[in-house]
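User: Hi! I'm new to this one and would love a friendly walk through it. Could you show me the structure and then take my questions?

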Amino acid sequence: MINFNKKLKSFNEFLISKQQISKLLFWIGILFISSYLRFANLAENPGWYSDEGTMVEIAKNLLEGRIQYLVINQSTLLVAKMPLFPALLAGVFSFFEPGITTLRYVTASLGVITTGMLYWVVNDISGRENPYLGFTTAFLYAIYPQAILFSRLGFSYNLLSPLIVGILWFLWKYLDSSRKKWILLASLLVGVGSISDLMMITLAPAIVLIALSKSWKDALSAIGIIILPFLVYSASMLSINREAFSFDFRFTFFRLGEIPLIAQYPIIIMNFAAIIFKNYWWNLAVIGLFLLNQRRFRALMLVIFFTPLILLARTTLLADLGFYYISPLFPLIAIGSASLLIVGIPHVLTIIRQGLESFVDNLKGMLKIRKLETVWSPLIFIISSLLLFIIVFSPFIITLSLDVEQTQTGLKTEIDSILVDVHDAKKVITFVNERVNENDLVLASPAIAWAFNSKSADFQMAVAYGGGETKHFPNDIPSDRFEFNPELSNATYVVIDPVWRNWAKPNIPEVENMVQKIEKWPKVYYSGQIDVYENPAKVKQ
């Protein structure tokens, strides 16, 4: 009897270890898919985006001990860029060549890390009640086209995605155990995230609301931890340059409240409509979040999903160019979509089988067939499985195949019109760098301005220097905030790319006037959609 129990115990241990190995292999397989879709042809696919150049430029200056973005000095809060991600990137640049390619390897790695974290966190939360939710979530996040795109673009928002997964886990631990340390850890991640991107501040009300469900003292402690990193950042910046930081703080935060409350409600509706219309994954996810079978997990997910979404939708256009503001919520989209799949599949299968069985019963009655039960049962199973595959699984298989194809041939995005072709950009950069010195000025979009071996500024900075109106800068920037004079008349070369033509020119009248003047200059080089103009006044000098 003792030997039998020992053998049974060893057999159970073997089954458990075999199951763990299977889970590990599945996890590794999902990570492989996620890695391939985020790293394959990463350097050139998609084209360069302005914010990528902005991040590279700020990090390069930090590496050299300067707080500067192109011509703007003393603080980067003026362009709503917080210090954490550029500081991390500067650290990476100390080991690898500074540039957009290195930046993208960092953000793609964060995407893969988020994929891996999703399985372990979701499995820890709901593994007993729903053992397939963790794997399904990780797989869907790995193949979600928007998550792939934004991982391949060098946005600092990619750092927030793993932080949000960590926040989800800490909040679950807090609700499950009521131990204060978990809400403090969640609050710390929100605070740390807020000095990487201001979007993270929109999660603070969710943290406080969850803490209040347990203890008002925990809520007060959470508020203190959330604001601590920003207070440290603010204190350090005030000690370095009080006037510059105060100016940037007023401009950045006060303009967020420019839209009256009565006008914010229709903006929220328009944003939600645009998101739902353009991205069917969000439709699936929202339904799936309401179908999560654990009441506490469902409530937690709804709070941390809708709180930041509503707060952002009040004042920011989230469709098209603004979609990256909500990209940190993509892991939650994967959880909702996975929930809908897992809850919905049994219902779909039941309905299909009931329909087929009813059809077969009618058919047997019409044909007076009574002795083919052994044929009908397996036939119903086969047909049900095929229909389930076509209705439920085939869209995701097609999504995966399209993901693979586009990583090879080029991602198709809604921001293609303002992306800069990498091959053309490199040719232009080489041409200009062979002809400029460190005292020359080149005006270009941030997508490529970071790469010139000279002084460089973008079109909005040139307009703002003269007190003109722009989309992202005030018209009263103090003169000492400009490292040099970036006006058009001082430029040796001007590089006009899709960012100028398709975004700045239609949206900023003074840029349109500027382009009209520039196009009268000699065009000395072009590659694809990028033109290089030389200032004739500088040639005469």
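**A walk through the model**

Analyst: Let's begin with the core: the largest nonpolar core has 151 residues, and W48, W282, V432, V495 and W500 touch the most other members. A nonpolar core here is a set of buried Ala, Val, Leu, Ile, Met, Phe, Trp, Tyr and Cys residues joined through side-chain atoms within 4.5 Å. Buried means under 20% relative accessible area, exposed means over 50%, and partly exposed is in between (1.4 Å probe, protein chains only). This is a predicted model, where local features need pLDDT of at least 70 and side-chain atom pairs count only at pLDDT 80 or more, while totals for chains, interfaces and linings use all residues. Residues are numbered from 1 along each chain as its sequence is written, and side-chain values use heavy atoms, with hydrogens and water left out.

User: Which helix gives the largest share of this core?

Analyst: That is helix α7 (residues 160–177), with 11 residues. Helices (H or I, at least four residues) and strands (E, at least two) are DSSP runs, numbered from the N terminus.

User: And what other core lies apart from it?

Analyst: There is another core of nine residues, including L77, I195, F230 and F245.

User: Back to W282. What is it in contact with?

Analyst: Leaving aside neighbours within four places in sequence, W282 is in contact with Y144, I275, F305, L309, F323, I326, F330 and I333. Contact means heavy atoms within 4.5 Å.

User: Lots of aromatics there. How many aromatic pairs are in the whole structure?

Analyst: A search finds 34 aromatic pairs. Rings of Phe, Tyr and Trp (its six-membered ring) pair if their centres lie within 6.5 Å; planes under 30 degrees apart count as stacked, over 60 as edge-to-face and the rest as tilted. Take F290 and F306: their ring centres are 6.5 Å apart and their planes are at 50°, so this pair is tilted. Because F290 lies in helix α13 (residues 280–290) and F306 in helix α14 (residues 295–313), the pair ties together parts that are 16 residues apart in sequence.

User: Is F290 buried or partly exposed?

Analyst: F290 counts as partly exposed, at 49% relative accessibility.

User: New topic: strands. Which strands does β5 pair with, and which way do they run?

Analyst: Strand β3 (residues 441–443) is joined to β5 by two bridges, and these strands run parallel. Four bridges join β5 to β7, and those run antiparallel. For pairing, DSSP must find at least two bridges between two strands. Within these pairs, L443 stands opposite V494 in β5, and I496 has D531 in β7 as its bridge partner.

User: What about the two faces of β5?

Analyst: Both faces of strand β5 (residues 493–496) are covered: Y493 and V495 on one side, V494 and I496 on the other, all of them buried.

User: And where does β6 come in?

Analyst: Strand β6 (residues 523–527) is joined by four bridges to strand β7 (residues 530–534), and the two run antiparallel. They form a hairpin with two residues between them, and G528 in the turn has a positive phi of about 60°. S527 has I530 as its bridge partner in β7.

User: Which residues does S456 touch?

Analyst: Not counting residues up to four places away in sequence, S456 touches L70, V71, L441, V442, A449 and F484. S456 is in strand β4 (residues 455–457), and it is buried because its relative accessible area is 7%. A polar atom of the S456 side chain lies 3.0 Å from the backbone oxygen of A449.

User: L70 turned up in that list. What is its phi?

Analyst: Phi of L70 is near 55°, a positive value in a residue other than glycine. L70 is in the loop between β1 (68–69) and β2 (72–73), and it is buried, with a relative accessible area of 3%. Q74 also has a positive phi, of about 75°, although it is not a glycine. Q74 lies in the loop between β2 and α3 (84–93).

User: Last one: which peptide bond is cis?

Analyst: The bond from N45 to P46 is cis, with omega near 5°. P46 is in the loop between α1 (2–39) and α2 (50–63).

Key. Polar contact = N/O pair within 3.5 Å; in protein donor to acceptor, adjacent residues only side chain to side chain.
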